[in-house]
Amino acid sequence: QIHDYLFQAEIEQWQQQGILQRVDCAFSRDQEERIYVQHKLQQHAQEMKTWIEQGAAIFVCGSLQGMASDVHQALINIVGEEKLAQMKMLGSYKRDVY
């Protein structure tokens, strides 16, 4: 968080304005216990499931090695492989991974 909280001021402003209802950050290198996106997803699995049932879209951007596959597996654990495949087909699950 010390160096990598890009767009922090903008994100906090969007929260104050009510544009973003919730922000969960996963800074994996700022504390002894590493916290990753997939951990945050699993921690809030029920809420994620509810949002997805209400039509939420998911965009995953970042490293193909590790992060993207771990996030994908967490999403399968939360909503199931069939639902995730359906979301991908409908364009509500997109990945920009490299």
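Where is the place of S63 in the chain? In this predicted model, S63 turns up in the loop between β1 and α4. A relative accessibility of 30% makes S63 partly exposed, because that category runs between the cut-offs of 20% and 50%. The side chain of S63 reaches the backbone oxygen of Q65, at 2.8 Å. Leaving aside residues up to four places away in sequence, S63 touches A68 and Y98. A26 sits 37 residues from S63 in sequence, and their C-alpha atoms are 14 Å apart in space.

Stepping back, the chain around this loop has 5 helices and 2 strands. Read from the N terminus, the elements go α-α-α-β-α-α-β. The C-alpha atoms fill a box of roughly 40 × 30 × 25 Å along the principal axes. Of the 98 residues, 22% count as buried. The chain exposes about 7,400 Å², with carbon and sulfur atoms supplying 49% of that area. As for how the chain meets itself, take the contacts with a separation of 6 or more: 56% of them come from residues 24 or more positions apart.

What sits inside? The largest nonpolar core has 14 residues, and those with the most contacts inside it are L41, M48, I58, L75, L84 and Y93. Two or more residues each come from α3 (45-53), β1 (58-62), α4 (64-79) and α5 (81-90). The largest share, 6 residues, belongs to α4. L75 gives a good view of how these pieces meet: beyond residues up to four places away in sequence, L75 touches L41, M48, I58, G80, L84 and Y93.

Helix α4 deserves a closer look. Its 16 residues should span 22 Å at 1.5 Å a residue, and the C-alpha atoms at its ends are 21 Å apart, so the two values agree. The buried residues in α4 are A68, V71, A74, L75, I76, I78 and V79. Some of the spacing in that list can be read against a general rule. An α-helix has 3.6 residues a turn, so residues three or four places apart point the same way. The cover over the buried residues of α4 includes α2 (37-43), α3, β1, α5 and β2 (93-97). After α4 comes G80, with a positive phi near 95 degrees.

One piece of that cover can be followed through Q38, a residue of helix α2. Is Q38 buried or exposed? With a relative accessible area of 13%, Q38 is buried, because the cut-off for buried is under 20%. The side chain of Q38 makes a polar contact with the side chain of D70, at 3.4 Å. Not counting residues up to four places away in sequence, Q38 touches M67, D70, V71 and A74. Among these, V71 and A74 are buried residues of α4.

Further along the chain, G91 lies in the loop between α5 and β2. G91 is partly exposed, with a relative accessible area of 28%. I52 is 39 residues from G91 in sequence, and the C-alpha atoms of the two are 13 Å apart in space.

Key
Residues are numbered from 1 along each chain as its sequence is written. This is a predicted model: local features need pLDDT of at least 70, side-chain atom pairs count only at pLDDT 80 or more; totals for chains, interfaces and linings use all residues. Side-chain values use heavy atoms; hydrogens and water are left out. A nonpolar core is a set of buried Ala, Val, Leu, Ile, Met, Phe, Trp, Tyr and Cys residues joined through side-chain atoms within 4.5 Å. Buried means under 20% relative accessible area, exposed over 50%, partly exposed in between (1.4 Å probe, protein chains only). Helices (H or I, at least four residues) and strands (E, at least two) are DSSP runs, numbered from the N terminus. Contact means heavy atoms within 4.5 Å. The expected span of a helix is 1.5 Å times one less than its number of residues. A polar contact is a pair of N or O atoms within 3.5 Å; within protein, one must be able to donate a hydrogen and the other to accept it, and residues adjacent in sequence count only if both atoms are side-chain atoms. Accessible areas come from the Shrake-Rupley method with a 1.4 Å probe; for residues, only the protein chains shown count as cover.
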